[in-house]
Amino acid sequence: MSLFDDIFTDTFSHPAFHIVPYNDNNGNNKLVTKKAFQNQMNIDFIENKDNYELHADLPGYSKDNIDVHVDNGVLTLEATRDETKTEEDGKYYHKERSYGKVFRSFRLPVDANKETPELKYVDGVLNITFPKVENAGAKKLTIS
């Protein structure tokens, strides 16, 4: 390898140059580093005949440190994990595990029953089921 190849490889293999496209769910397209996704939960949101299911990967988070709330039709998931400390004399040889707060927000479909969701946290996966309600769409109003 030439000196140029070494410099190019060393420079552009740095995590700061691992750029990926990202849509922030508000219609904004951005370019961000892969590092930005390191502390983000992965979500699957599924529509079934009778309900909606949301599955959020939160491995390593305690159930007590997960907060779920719905406000004006927007579901927000927040989870916090404290940093693990090494012994006083120890130092990290390699560290990838993330800590701190992660959160995601989603606008729920109009026909999702926001009053009676079922929540379960099993093996690091938060599962939320929203039953569908009938006639949840627009209503015709009568002029008097």
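**Close-up views of a predicted model**

**View 1. D123 sits in the loop between β8 and β9 (125-131).** The model is predicted. D123 is not a glycine, yet its phi is positive, at about 50 degrees. Is D123 buried or exposed? D123 is exposed, because its relative accessible area of 79% is over the 50% cut-off.

**View 2. N72 lies in the loop between β5 (66-71) and β6 (74-81).** N72 is a residue other than glycine with a positive phi, near 55 degrees. Its relative accessible area is 70%, so N72 counts as exposed.

**View 3. N113 occupies the loop between β7 (100-107) and β8 (118-122).** Unlike the two loop residues above, which are exposed, N113 is buried. The reason is its relative accessible area of 18%, which is under the 20% limit. Two polar pairings involve its side chain. A polar atom of the N113 side chain lies 2.9 Å from the backbone nitrogen of E115. The N113 side chain also makes a polar contact with the side chain of T116, at 3.2 Å. Which residues does N113 touch, not counting those up to four places away in sequence? They are F130, P131 and V133.

**View 4. Four strands form an open sheet in the order β3-β4-β9-β8.** The pairing is antiparallel. β3 (42-47) and β8 stand at the edges. Each has a single partner strand, so one side of each has no neighbour in the sheet. On average, neighbouring strands of this sheet are turned by 15 degrees against each other, direction ignored. In general, strands of a sheet pair through backbone hydrogen bonds, in a parallel or an antiparallel sense.

**View 5. β3 pairs with β4 (residues 51-57) in the antiparallel sense.** How many bridges join β3 and β4? The pairing runs over 6 bridges. One residue pair to pick out is N42 with D57: D57, in β4, is the bridge partner of N42.

**View 6. The whole chain, for context, has 1 helix and 9 strands.** From the N terminus on, the elements run α-β-β-β-β-β-β-β-β-β. The chain has 144 residues, and 20% of them count as buried. The exposed area of the chain is about 11,300 Å². Carbon and sulfur atoms supply 51% of that area. Among contacts between residues at least 6 apart in sequence, 47% join residues at least 24 apart.

Definitions and conventions. Residues are numbered from 1 along each chain as its sequence is written. This is a predicted model: local features need pLDDT of at least 70, side-chain atom pairs count only at pLDDT 80 or more; totals for chains, interfaces and linings use all residues. Side-chain values use heavy atoms; hydrogens and water are left out. Helices (H or I, at least four residues) and strands (E, at least two) are DSSP runs, numbered from the N terminus. Buried means under 20% relative accessible area, exposed over 50%, partly exposed in between (1.4 Å probe, protein chains only). A polar contact is a pair of N or O atoms within 3.5 Å; within protein, one must be able to donate a hydrogen and the other to accept it, and residues adjacent in sequence count only if both atoms are side-chain atoms. Contact means heavy atoms within 4.5 Å. Two strands pair if DSSP finds at least two bridges between them. Axes are lines fitted to C-alpha atoms, for helices over the stretch in contact, and angles run from 0 to 180 degrees between N-to-C directions. Accessible areas come from the Shrake-Rupley method with a 1.4 Å probe; for residues, only the protein chains shown count as cover.
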